Structure formats: C-alpha cells, structure tokens
Amino acid sequence: MTVHIESETPSAHGSDSEGQRESAHEHGTAIEAPPPAPEPQSGGQLARPHVPAEVVAKWQRVVDLMARTVRVPAGLIMRVVPPQIEVFVSSRTEGNPYDKGERADLGTGLYCETVMARRAQLLVPHAMKDPQWSHNPDIDLGMIFYLGFPVQWPDQSVFGTICILDSRENPDAIEYVELLTEFKEIIESDLAGLSMECDRRRVEDELQEAQNTLEARVAERTASLTNAVDDLQRELSERRRPEVTQDLRHLLEHMIDSMPSTLVAVDGRGCVTHWNRHAEECLSVPTTHAEGQPIEKVFPTVSPHLVQVKDALRERRAQSARRTESYVDREKRYHDVMVYPLVGDGIEGAVVRVDDVTERVRLEDMMIQSEKMMSVGGLAAGMAHEINNPLAGIMQNAQVVLDRACTDLPMNLEVARELGLDMDLLSAYFERREITSMLESVRKSGRRAAKIVQNMLDFSRKSNTQFAYHDLGELLDKTVELAATDYELKQSNLFRRIEIVRDYDSTLPKINCERMKLQQVILNLLKNGAQAMCEEDAPPKTPRFILRTARDQQTARIEVEDNGPGMGEDIRRRVFEPFFTTREVGKGAGLGLSVSYYIVTENHGGTMTVTSSPGHGARFIIRLPLEGRS
Amino acid sequence: MSASAVRVLIVDDESSIRCSLVNYLEDRGCTVVSAESAEEAIEMLETEPVDVAIVDIRLPGMDGNGLILAAHEMLPSLKFIVYTGSVAYRLPPALAEIGAGTDYVFQKPLPDLKVLLEAVNRLATEGAALA
Ligand SMILES: Nc1ncnc2c1ncn2[C@@H]1O[C@H](COP(=O)(O)OP(=O)(O)O)[C@@H](O)[C@H]1O
Ligand SMILES: [Mg+2]
C-alpha cells in the first residue's frame, strides 16, 4: 500500500490571507457553535493513507446522490493539498462548473477555507446579499449559495470539506442539513477505516523490526546471560540462600530454554554444564544424560568444531563457523556454530550456540539458481541471433553446392557444355564419393542446430505464458528434445543412453494449457527420472522412459514412467514437499517436483500423483481437465 | 538474361549468406545484384532496375527497416522481403503501412531456400499484375 505524505499545514501564506480567514470567521452564518477549535495541525509531516479507487468511486456515488437529492448543480468533496485545495470528487450533475482535480489557492477567501479553519459547518444563503462573501472567488462561477461541512481524519486533522453550491438562493437545501451531515459521516468513517488499516500496517512493520532487533539482542546477550546464570548461581550458593537461588535459577533456566537455538555451556575441560531444551529436542538427548559428558560425545554437530571451543576457552574470544555441513538422518543440513567464552571471576567455560540454517542456505542457493536462469533467458535471444546467422551461411551454401552438382539445372548443363564436361559422369563421381550425401548431412545437422536454438528460445521466452490448445504428444516430444540438450544431463551423457517408449493416444484432443510451464513440469520429471536411473549403485541395464498420454473420462492423463531405483513409501510421500531432496545441496534444491505440483494443480486445475516402490521404478501421473482450466 | 527475368536486390552484410543467395537465385533464372549495407543498396537503386529486395535487418550503419522506408520513397513499386537472424523481429507499423507483409518476413536459417524463391516470384507477379 502506498502511503502519501501530505503536510496538513496550510501554512506559507502571508499575513493577508490569515487576516482574511480571521474575518471570515465572524461573518459566516454558522448554524452550530464551533467545537473547542483545535489549532490546525502544526509542523511535522503526517503519513496519510492513500484513498483507494474503490473508495473514491463510492464517494462519487455519494456526491451524485447528494446533489440530485438536494437539487443543486454542484456537490463536492474537497481535499486540502497545501498550499492549495483540490476538487477531490465532483458530482456528475448538470450545470456543475467544478471539475475533478481542479485546484485553487488557499488564502483567497474560499467558502471551504472558512469551514476548514473553524471546523464547523457554514451556510451562505446568498453571497451577493452578504458583504463578507460578495467578493469571494466562487461568485465568478455563479455560485452564490453554499452549504459545507468539514471532513476530518479520526485524529481531528482536516481532510477537506463536503459541500453543495448553487447559482440561486436555495431555501430547500437548508432542510437537508441533517442529510448532508449523514453524508459527511459516511466519508469520515471511510477515512477512519483507511487510517486504521494504515496504522495496522505500520504497527506490523514496527513489530517486525522490533522482533528483528530483539533477535539480534537475544543472540548478543545469550553468552552474558549464561555467564550471569553461573555467576549468580555460584554467588547465591555461596551465600547459601537456597530459596532465592531456586527462584532465580528457574527464571534464568526458563529464559534459556525458551531460546530458539541450541545452547550448551561447557566447563574448562569441555564437559557439558548446561543443556537447554532446544538441545534436548534436537539431539534427543535428555539433560540428565548430557551433563558432565564431553561435548563431542553428546553433540556430534559440534565435534568438528572442538578447535573453536578450545580456542574460545583459551583465548577468551568468541569463535564462529558458519554454514557448516553435517548429515542428520542421511540428509545434509547446515548449521551456524558460535562459541562464546564465559567471562567472570574465576570461571572457566564457554557457551556453544548452534542454529540450524539449512532452510536459509537452500533458499539462497535457490535464488542464485533462479537468477542464473533469468539471465540465461535474456542471453538466449541474443545468442540465437549470433548462431542463426552463421548457421544460415552453412546451410545455404550446402544447398547451393548440392544444386550445382545436379543434372537438372539448365545453368549447370550450360557451363558443363562450355567446358566439355560430362555432367552424368560428374554426378556419378559425386554419388560414388558420397559427396552428395555428405552435403545432405551438413544441411541436416544445420536443421537440427536451428531446431535446438528454437526450442531453447521457446522455453526461455517469458512472454510465452498464455493458455492455448496444444497436442500433448507433441509437447512431450518437444520436451524430450529439450532434455537431450539440457546441459547437466548432456554432460554426463545420461540422456542418450535412455530408451524412450511412446504410447500416445492419438484420439486425445488438444488440451488448453500453458505450454512452457507444462514443458517445465515434464522436463523436471525427465531430469529426475534420468538422474534416478543413472544413480551409481544400481543403474538398470537398459534405462527406459515410457511416456503415455490417454483419455480418462473428463481428464487427459500424462504419464512419465522410468525403470530406475524407485523410492520407498517414506520418500514417496514427501517428494512434492518444497525443499525435499535426497540429493546434495547445490545439485538439487528439492524444488523441481513442488514447483511442478504447483503448476499442475494451481495453474492448470489438474492433479499430480506418483506411484513407486523400491526397485520398481517410478511413475508420475498428471491429469489435466479436458476442458482446460475452469 | 531474358527480359522477363525477375530482378532481385540482396542486402546482407554476411558474405556467406549474401553470396549463396545470389548464386541460388541466379541458378533459378533471376537477375541478382547485391549490397553489403543499406547505404550501398540505396546507391545501387539509383541506377539498377529492381523488382524485389531481400533485406537483412541488422546491418552496419542504417538498418534494414530504415533501408526499406528509404527505398520505398525512391521506388514505390519496389517489393520487400525481410530475412533476419533476429528472433525478436516484429514488423514495424511504418513498414506495414507501406505494404510490407508479415508473410514476407523470414527467419534465418531457412531449411530450404525454395521458400524464398517462391516469395520472390509471388511478389514479382503481383507487381507485374499491378503495373
Ligand atoms: N523418478 C524418480 N525416481 C526416484 N526418486 C525420485 C524420482 N523423482 C524424484 N525423486 C525423489 O524426489 C526428490 C525430490 O525431487 P525434486 O523435487 O525434483 O528435487 P531434486 O531433484 O532437486 O532433488 C528427489 O531428491 C528424489 O529423491
Ligand atoms: Mg529434480
């Protein structure tokens, strides 16, 4: 939400205008006594919420209704934009001389100025008959009748006015004061809603910031807090006041237990003296078992960092190791390990704090990856041009050479005759030496290169995101071609070894889908399958994909099946989870299938499932509605 | 060359493309002249009679779009074919206004130059019918 900064101070006017406004106070026909007039907002800038279009539209209906009911040519909502006042909404009524967006300078004796200055309603039945008003600017527009109300933000600062104007004395209008007050209240309650929303957002931002600072502080204080626990404990136990010791100890332990980090304190020999609840939970080692043990025995994540612990103890300086890798249940995880020395009289020891940052590391990796992909998209178009030109040169020349070797071009025969060359012999020679077929293969290779460039472009082009009807078999084949050019797969020469069996339902109608996104899904499945089939431990003798399309009542079914190692129930259940991967970080972000799932279900209103068991390959099944996304 | 031979101007800065096109079209009976740049092409049009111009878009100096506009000023009856390696090419509205058609925009590389020959012949007969 954009927040417009508006100064509420209609300042920067000469004393003249002030005087004018003052005198206006006395001569306007006020119906109500002015409220204990708060001074117009002074100094400072207030953040005011923007009035969104739907609210403006509603106000438009309000003023239209107002002007029509009261039968005046002009109903307006005015807004102060110091040093001017703006027609914010203007009724769509006949004879209305005010256009939305029009502005007038403040300090010129406008009716509305008085309303705003006094924060009270103002009625001018006939300006010409009132010496105070007989020279005001609106008379030039023929508007001699005026009834207006201030419109205020909930904090009493002025938004502007709501008013009606007429070119004649309008006794009826006075009857409607109550009605107009209603309208004014509608506008003000909208303003209250808007500022509440704005405040809520600001508070949320502030909260977030406070939380961030708090977290940073918590981190800073962690060490000294643990110090304090030990200090206090010793001191208190020395004083032998068990009841106080108990209370304080509980409080502090409670605090340390509530920390979202694993916190472990060790003594000078590296044996555990404290073990917070987070440590108990993460490491499944109860405090009673941990205390007194050497830290490396109960906390394997820390064992590679014993050096840091020792350094911290010896040098009395904080040590840290970021993004350290370790395996938890065969899954790679990342931790930040920090060691703070305990400083205090006669204490020796350190606090080890460990945070699991796996998710963050993965997100960062993913962002780097997707940034790379973005730049590839941009590069592809430029690169295509660079490749297409030389490719045209190669293919065209091959074609002309072939042309000039054949016997049915009159021009060839003509030149051959001039030279006394037997054209039939020449072409027999070309056949025998396979020159013709070699040139044909130059053209063929050229065509393949051109197709690869085209595929790559189609896939990387951002604009290509509309729904259209596509043949699923064709789409699968295109994606197979694309996979064959995928750098990662190509590098290990995976894809070439894989046999591809196609089982397409030729009667399947075209399906309304976003081709590029669906291709992305299929590409993910092919890459995963290829990776699985070529895993080192047990590659199938003949790696094979079976690609199927079929009709299933009101859905089109796509299947991508491989004969790789498959997966057990525990993995199968989780494959669509974001960040779930059994591959090393950097190799797989664990996003391929979750993104695919999103594309199929959310973008296309389809379903995506997998059947698999260990040793029996995996079959991914996508169902898309035949009628396209409803 | 017979008097009825179609006269073609080829503008491309890449010689392997330009020369092979010249050879191909000459083999098929067209009268062909060629230029490496838009500026050279404009000079040529002042003296050489031409029915159809095959124009590359990315050229040193003035680009193909500029050339087509300038050449149309000089010879309103001249027909154009765009032959470009750029994948993002869209026919500018100014060119569409002077009668250049998206049917006559071709993307390099063409798998078979026959397509270009047919386009040249189509445009030439169209022009002849109008004349
Ligand atoms: N065809 C398959 N055969 C066996 N396991 C698979 C197959 N496809 C996906 N998986 C499993 O699902 C996990 C998640 O896949 P994915 O979301 O593509 O992420 P990533 O490929 O980055 O690991 C893989 O790490 C793998 O364990
Ligand atoms: Mg994957």
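**Two chains, a positive patch and a buried arginine**

Chain A packs in 20 helices and 20 strands. Keep in mind that this is a predicted model. Of the 630 residues in chain A, 45% fall in the buried class. Contacts here often span long stretches of sequence: taking those in chain A with a separation of 6 or more, 62% are between residues 24 or more positions apart. As for the surface, chain A exposes about 34,000 Å², and carbon and sulfur atoms account for 52% of that area.

One feature worth picking out on the surface is a patch of positive charge. Its members are Lys444(A), Arg447(A), Arg448(A) and Arg496(A). Helix α14 of chain A, covering residues 435-460, brings the largest share of this patch, namely three residues. Lys444(A) is one of the residues found in helix α14. With a relative accessibility of 57%, Lys444(A) lands in the exposed class, because the cut-off for exposed is over 50%.

Now for chain B. Its 131 residues include 48% that count as buried. The secondary structure of chain B comes to five helices and five strands, and read from the N terminus the order is β-α-β-α-β-α-β-α-β-α. In other words, strand and helix take turns along chain B, with a strand at the start and a helix at the end. Looking at contacts in chain B between residues at least 6 apart in sequence, 66% link residues at least 24 apart. The accessible surface of chain B is about 6,000 Å², and 53% of this surface belongs to carbon and sulfur atoms.

Within chain B, Arg18(B) gets a closer look. This arginine sits in helix α1, which runs over residues 15-27 of chain B. Despite the charge on its side chain, Arg18(B) is buried, at a relative accessible area of 9%; that label applies because buried means under 20%. Leaving aside residues up to four places away in sequence, Arg18(B) touches Ile10(B), Asp12(B) and Asp13(B), along with Ser34(B), Ala35(B) and Glu36(B). Asp12(B), Asp13(B) and Glu36(B), all in that contact list, are of the residue types counted as negative. A further aspartate, Asp56(B), is 38 residues from Arg18(B) in sequence, while the C-alpha to C-alpha distance between Arg18(B) and Asp56(B) is 9.6 Å.

Taken together, the two residues singled out here fall on opposite sides of the accessibility scale: Lys444(A) is exposed, whereas Arg18(B) is buried.

Notes:
Residues are numbered from 1 along each chain as its sequence is written. Chains are lettered from A and ligands numbered from 1 in the order in which they are written. This is a predicted model: local features need pLDDT of at least 70, side-chain atom pairs count only at pLDDT 80 or more; totals for chains, interfaces and linings use all residues. Side-chain values use heavy atoms; hydrogens and water are left out. Patches are made of residues with over 30% relative accessible area and no salt bridge: like charges are joined within 9 Å, nonpolar side chains (Val, Leu, Ile, Met, Phe, Trp, Tyr) within 5 Å. Accessible areas come from the Shrake-Rupley method with a 1.4 Å probe; for residues, only the protein chains shown count as cover. A salt bridge is a side-chain nitrogen of Lys or Arg within 4 Å of a carboxyl oxygen of Asp or Glu. The place of a charge is taken as NZ of Lys, CZ of Arg, CG of Asp or CD of Glu. Helices (H or I, at least four residues) and strands (E, at least two) are DSSP runs, numbered from the N terminus. Buried means under 20% relative accessible area, exposed over 50%, partly exposed in between (1.4 Å probe, protein chains only). Contact means heavy atoms within 4.5 Å.
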